[in-house]
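User: I'm new to this structure and would like a close look at one part of it. Could you walk me through the places where side chains link up across the chain?

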Amino acid sequence: MRIFPIVTAVAVGAALYGLVLERERLLDFAGLAAPIAPETAPAGDEAPSDPTPLAVEVPADESAEAVEGAVRVMAMRSVAREVDSRIVLRGETQALRQVEVRAETSGKIVSAPLRKGAFVDKGQLLCEIDPGTSQVALLEAQARLAEAQSRLPAARAQMAQAQAQRPAARAAIAEAEAGIPAAQAALAEARAGIPAAEARLVEARARVPEAEARLREAETRVPASEAALREAQSRVPASRSALAEAEARRPESEARVAEAEARLREAEINYNAAQRLSEDGFSSQVRVAGAEAALESAKAQVQTAMAGVKGAEATVEAARGQIEGALAGVESANSQVESALAGVQAARSQLENARAGIETATSQIEGSKAAEQSALSRIEGARAAVESARAQLQTAEADIESARSAEENALAGIESAKAEVASAERQIQRLSIVAPFAGLLESDTAEMGALMQPGAACATVIQLDPIKIVGFVPEQDVARLKLGAPAGARLTGGQTVQGDVTFVSRSADPVTRTFRIELTVDNDDLAIRDGQTAEIAIEADGAMAHLLPQSALTLDDDGTLGVRTVAEDETARFRAVTLLRDTQTGVLVAGLPDSVDVITLGQEYVTDGVPVAPTFEEVIQ
């Protein structure tokens with residue numbers, strides 16, 4: 001059966017070879033004269049819009065002479081025309097929506113079945129499953145929710161109490177830290193007072209030996225003063241007896257001279273003794289003066305005695321002077337004794353003061369040390385208070401975190417309980433399987449008593465009003481389609497419907513390289529069924545196109561689809577084209593000028609810029 005196409009192809013090839021390459025020989029062999037080519041239209045005239053066939057012939061001799069060395073090709077002169085604006089394709093009807101309603105839980109069907117073909121409204125009950133313990137689970141979940149909600153106020157109260165403790169703890173820290181500098185200042189003051197107290201103690205201890213030496217010196221002067229007092233008191237009777245004797249023995253002047261001399265010596269002795277005692281510090285100047293007076297008195301007595309008898313009254317006066325001197329000596333001795341006793345008392349006072357200074361300095365040192373210990377205790381207490389306050393703050397922070405955790409746990413418990421309540425309510429809702437939209441039952445609903453499992457089918461619901469008509473558009477026409485474009489369809493039964501394009505796919509079918517399109521049409525009476533074959537016609541923008549033989553198409557080096565044309569300078573030129581669609585008489589292409597000379601045979605033997613000698617053939621457009 002395949003021999004006839006092969007023979008036909010060989011014959012056509014031979015005929016084309018003779019017509020194109022051996023045209024002149026054939027004409028000579030036939031003895032036919034080539035017709036004269038008609039005059040061409042003047043430049044600037046529009047291409048004829050009449051799509052009737054054009055026949056342009058060029059004498060063979062003139063062609064051969066016109067282009068020497070050019071490649072002979074067969075060409076056709078094509079004029080663009082507007083192709084029809086409709087896109088026609090085949091498709092089928094489809095339900096707008098179709099869903100198989102399935103169970104989401106397990107249980108036994110307790111509702112009466114609905115039969116296929118019945119119309120159902122949106123939300124209408126299709127299958128009802130036995131609730132079982134679902135209601136009890138819902139009540140338990142609600143009880144847990146109430147319990148969780150009751151724990152939230154206590155957790156928030158604990159949070160408020162813990163947050164109230166935090167400012168007090170921070171205030172305690174600030175107060176305790178403020179007490180540390182005062183305690184440190186008191187410690188520095190106490191430590192600064194210790195060296196001064198120790199210096200006073202050293203000074204007081206240094207005054208004790210001095211006071212003791214003064215006491216001993218004063219005590220040693222007392223016996224000497226008492227001896228001088230006794231001596232002065234012993235001279236008073238002698239002076240009185242001398243007065244009596246002088247009065248009694250006035251005649252005995254000589255005896256008195258001797259006695260006066262003796263007394264002079266005695267007075268000298270006493271004077272020397274008083275003077276030595278005064279030098280040693282055991283006698284006062286009064287005593288020395290008394291001794292000196294006694295000495296002078298003795299001298300006077302001696303002078304008196306040596307003078308002889310100057311009269312009893314002079315002697316008496318001298319005796320009286322002696323008495324007065326003795327009494328003065330007694331007074332002087334008494335003064336010395338009192339002075340010595342006063343020195344002893346003063347020395348004892350100084351010693352007691354020195355010892356009291358030691359005690360005072362010791363007490364001051366002990367007080368300073370006690371103040372130092374007290375300041376150290378205050379510092380330790382302040383630091384301990386700071387640590388205690390910080391521990392209290394940490395406890396408050398821990399209580400806050402604990403309260404926050406309790407609040408979060410309470411909130412989490414509430415959310416968990418709410419989720420359980422929602423799950424229980426959802427579980428109860430799942431027991432009633434309803435229609436998702438208004439439509440027709442394509443199958444019976446599940447029978448009463450049937451055991452449903454999750455995923456088991458309850459029924460199939462389809463929506464036929466409106467209904468979709470689905471088709472697939474070739475890729476060369478898809479660019480001309482627009483959403484909302486008016487369209488119509490003729491069903492197999494002869495029924496025609498009108499609608500709009502509601503969907504144009506953005507992705508081509510990987511096998512057919514076509515794009516899915518959908519029309520939406522009204523189906524109020526539900527006369528159109530799902531799956532009917534339809535012939536679809538879609539209005540689209542018209543396009544200027546050239547009708548060319550499919551054999552004229554070729555590819556350039558980059559694989560671009562196009563045709564070879566004859567340029568004005570009689571050279572070959574490649575032009576890219578866009579394939580619109582196939583027809584029974586050729587292909588419709590776009591992308592060429594309104595009038596163009598297309599090489600239809602021999603285009604594979606030339607490239608851009610190669611001189612060509614075209615022979616034009618009649619083209620039917």
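Analyst: Here is a tour of the side-chain links, with a short stop at a sheet and a helix residue on the way out. Keep in mind that this is a predicted model.

Let's start with the sulfur link. How many disulfides are there? The count comes to one. Cysteine 127 and cysteine 458 are the two partners, and their sulfur atoms sit 2.0 Å apart. That fits the cut-off for a disulfide, which asks for cysteine sulfur atoms within 2.5 Å. To find the partners in the chain, look for cysteine 127 in strand S6 (residues 125–128) and cysteine 458 in strand S10 (residues 457–474); the pair therefore ties together parts that are 331 residues apart in sequence. As for handedness, the torsion about the S-S bond of cysteine 127 and cysteine 458 is about 95°, so this disulfide is right-handed. Are these two cysteines buried or exposed? Both cysteine 127 and cysteine 458 are buried.

Now for the charged pairs. Side chains of opposite charge can pair when their charged atoms come close. The structure holds 13 salt bridges, and we'll look at a few of them.

One of them joins glutamate 104 and arginine 430, with 3.4 Å between the closest N and O atoms. Glutamate 104 is in the loop between strand S3 (86–102) and strand S4 (107–108), while arginine 430 belongs to helix H7 (residues 312–430), so this pair ties together parts that are 326 residues apart in sequence. Glutamate 104 has 43% relative accessibility, so it counts as partly exposed. Arginine 430 is partly exposed too, with a relative accessible area of 28%.

Another salt bridge runs between arginine 115 and aspartate 444, where the closest N and O atoms are 3.5 Å apart. Both partners are in loops: arginine 115 in the one between S4 and strand S5 (119–120), and aspartate 444 in the one between strand S8 (439–441) and strand S9 (451–452), so the pair ties together parts that are 329 residues apart in sequence. Arginine 115 is partly exposed at 45% relative accessible area, and aspartate 444 is partly exposed at 31%.

What about aspartate 477 and arginine 480? Their side chains meet in a salt bridge at 3.6 Å, N to O. Here aspartate 477 is buried, and so is arginine 480. Going back to glutamate 104, there is a bit more to its story: salt bridges that share partners join Glu104, Arg426 and Arg430 into one network.

While we're on helix H7, take a look at serine 388, which is found there. Serine 388 is partly exposed, with a relative accessible area of 46%. In sequence, serine 388 and alanine 172 are 216 residues apart, yet their C-alpha atoms are 8.8 Å apart in space.

Last stop: a sheet. Four strands make an open sheet, in the order S2-S15-S20-S19, with antiparallel pairing. Strand S2 (81–82) and strand S19 (578–583) stand at the edges with a single partner strand each, so one side of each is left without a neighbour in the sheet. Strand S19 is joined to strand S20 (residues 586–590) by five bridges, and the two run antiparallel. To spot one contact there, find threonine 583: its bridge partner in S20 is glycine 586.

Key: Residues numbered from 1 in each chain as written. Predicted model: local features only at pLDDT ≥ 70, side-chain atom pairs only at ≥ 80, totals over all residues. Heavy atoms only, no water. Buried < 20%, exposed > 50% of the residue type's maximum accessible area, 1.4 Å probe, protein only. Salt bridge = Lys/Arg side-chain N within 4 Å of Asp/Glu carboxyl O. Pairing = 2+ DSSP bridges.
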